[in-house]
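Welcome! Here is a short briefing to read alongside the model, with a few strands, helices and a pocket to find as you go.

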Amino acid sequence: MTNDHALPALPTPERVAELRARTAAAFPALRAELETLVRIPSVSNAEFDQAHVAASAAHVAELLRGAGLPDVRVVHAAGADGRRGRPAVLATRPAAPGAPTVLLYAHHDVQPPGDDAEWQTAPFEPVERDGRLYGRGAADDKAGIVAHLGALRVLGDELGVGLVVFVEGEEEIGSPTFADFLKAHHDELAVADVMVVADSSNWAVGTPGLTTSLRGLVDLEVEVQAVDHAIHSGMYGGPVLDAPTLLARLVATLHDENGDVAVAGLHRAADPAVDYDEAALRADAGVLDGVRLAGTGPLTARLWTRPAISVIGFDAPRVASASNTIAPRATAKLSVRIAPGSDPAEAMAAMRAHLEAHAPFGARVTVREGEQGKPFQAPADSPAMQAARWAFAQSWGTEPVDIGIGGSIPFIADLLELRPDAAILVTGVEDPDSRAHGANESVHLGELEKVVLAEALLLDRLAH
């Protein structure tokens with residue numbers, strides 16, 4: 001079912017009740033599968049043991065075989081530099097004549113755990129507290145794998161759609177071979193009429209969300225150089241400013257006095273229909289008392305539909321090894337989230353133009369361009385989106401909220417290029433308390449059960 005097709009007929013209330021009961025019966029085993037997945041430290045960052053990523057892929061493949069998929073493979077793509085990508089799992093089941101094909105996406109790789117001291121319990125040992133399962137990957141995105149697996153188990157032989165299941169192994173390192181993977185497996189992936197990406201968040205515990213927009217991403221490094229070699233701070237300090245000071249002055253031009261982005265040429269999209277409670281945001285983000293939030297306008301606009309610029313790295317002399325020296329150069333790495341409707345190349349050009357035009361005291365500014373990822377905007381009223389709204393409302397007992405995500409999932413744009421007329425649904429397995437990428441990551445088990453039921457209902461409706 002593409003965006004132009006009619007909305008499928010509603011299943012009967014009896015069918016909804018039947019699938020609800022099946023989901024409840026299946027969920028204890030699904031929770032156990034999630035715990036097993038969390039115990040595999042599948043960190044795709046090259047500094048970690050990649051044997052665990054391979055073990056994770058192999059285990060996911062076995063789970064999908066057990067769910068009845070006839071063709072399940074662990075596959076690798078070759079990147080442009082010739083390096084082999086991290087192991088992914090690709091499983092397919094052809095559609096019956098006249099039935100649609102649905103692609104289910106999740107990823108089995110996870111972020112590094114960070115400082116173990118910040119975790120209340122060991123990051124790769126799943127622990128339940130107050131209805132939440134804690135552990136690295138419990139939410140992002142091994143819960144997504146379990147959501148897909150659960151829907152397949154609940155429907156069993158009654159699954160009426162064709163399937164392509166793609167579980168990526170390198171999402172957390174930027175999907176470097178994703179485009180190559182799409183080319184290598186084009187014929188298997190391009191048959192999808194609907195794509196379900198289980199890698200987003202819900203609005204709140206008790207209220208589902210459907211992600212209709214994602215910001216894009218450009219990142220770059222900016223280096224400032226003032227002198228051609230290090231010099232004595234006592235002999236020359238005063239008329240000659242050190243590079244870290246100059247870089248700080250340059251970075252400060254990226255925002256105005258209110259904290260709004262001040263770079264000309266960065267696009268803004270329309271403000272969302274819903275807003276975020278400031279107290280909730282402050283609590284969710286751990287903002288310290290007395291710290292004012294930056295920017296103006298609705299918080300959801302600042303989070304979802306306007307650009308954001310962050311300094312995510314800074315190279316300068318370390319405090320521990322500092323001497324009375326004027327440093328000749330300093331470098332910052334900038335992460336720029338761009339609004340839906342933006343062009344990444346135009347955003348990169350705007351950043352370069354701003355940084356070069358605001359060189360402090362005539363210092364030499366060098367910009368080195370990095371990654372670019374396209375934003376995403378889904379039609380809010382497509383037949384697939386309406387079917388998803390119905391499924392989520394049935395599962396939760398309340399209507400889903402259309403949300404944006406300030407983060408980026410650049411491969412969604414690649415999926416749309418693969419099949420432009422397919423409907424893409426970005427669904428939530430996390431919630432505002434999940435702390436994905438941070439210490440004490442968790443998933444709410446009651447919400448995960450609702451996600452499983454919602455996906456089973458969605459697949460069942462699409463089959464009609």
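Two strands count as paired if DSSP finds at least two bridges between them. With that in mind, look for an open sheet of four strands in this predicted model. Its strands come in the order β11-β13-β9-β14, and the pairing is antiparallel.

**The four-stranded sheet**

- Start at the edges, where β11 (308-315) and β14 each have a single partner strand, so one side of each is left without a neighbour in the sheet.
- On average, neighbouring strands of this sheet are turned by 20° against each other, ignoring direction.
- Seven bridges link β11 and β13 in the antiparallel sense, and Val311 stands opposite Leu334 in β13.
- Helix α10 (residues 344-357) packs on the sheet and touches β9, β11, β13 and β14. The direction of α10 makes about 165° with that of β14.

**Strand β9 and its partners**

- Why is strand β9 (residues 216-225) described as largely enclosed by the rest of the structure? Nine of its ten residues are buried, and buried here means under 20% relative accessible area.
- Strand β13 (residues 329-338) runs antiparallel to β9, and ten bridges join the two.
- To see one of these pairings, find Gly216, whose bridge partner in β13 is Ile338.
- Strand β14 (residues 364-373) also pairs with β9 in the antiparallel sense, over eight bridges. Here Val218 stands opposite Gln372 in β14.

**The three-stranded sheet**

- Another open sheet has three strands in the order β4-β5-β18, again with antiparallel pairing.
- Its edge strands, β4 (127-129) and β18 (442-444), each pair on one side only.
- Neighbouring strands of this sheet are turned by 25° against each other on average, with direction ignored.
- Strand β5 (residues 132-134) is joined to β18 by three bridges, and the two run antiparallel. Try finding Arg132, whose bridge partner in β18 is His444.
- Helix α13 (residues 445-462) lies across β4, β5 and β18, and runs at about 65° to β18.

**The second largest pocket**

- Rolling a probe the size of a water molecule over the atoms shows where empty space is left.
- The second largest pocket has a volume of about 260 Å³. It is lined by 15 residues, and the closest to its centre are Asp81, Arg83, Arg86, Ile173 and Pro176.
- What kinds of residue make up the lining of the second largest pocket? Six are charged, five are polar and four are nonpolar.

Methods: Residues are numbered from 1 along each chain as its sequence is written. This is a predicted model: local features need pLDDT of at least 70, side-chain atom pairs count only at pLDDT 80 or more; totals for chains, interfaces and linings use all residues. Side-chain values use heavy atoms; hydrogens and water are left out. Buried means under 20% relative accessible area, exposed over 50%, partly exposed in between (1.4 Å probe, protein chains only). On a 1 Å grid over the protein atoms alone, a cavity is a set of points where a 1.4 Å probe fits but cannot get out, and a pocket is an open set with protein on both sides within 12 Å along at least five of seven lines; lining residues have an atom within 4 Å of a point. Grid points are joined across faces, edges and corners, and a volume is the space filled by probe spheres set on the points. Ala, Val, Leu, Ile, Met, Phe, Trp, Tyr, Cys and Pro count as nonpolar, Asp, Glu, Lys and Arg as charged, and the others, Gly among them, as polar. Axes are lines fitted to C-alpha atoms, for helices over the stretch in contact, and angles run from 0 to 180 degrees between N-to-C directions. Contact means heavy atoms within 4.5 Å.
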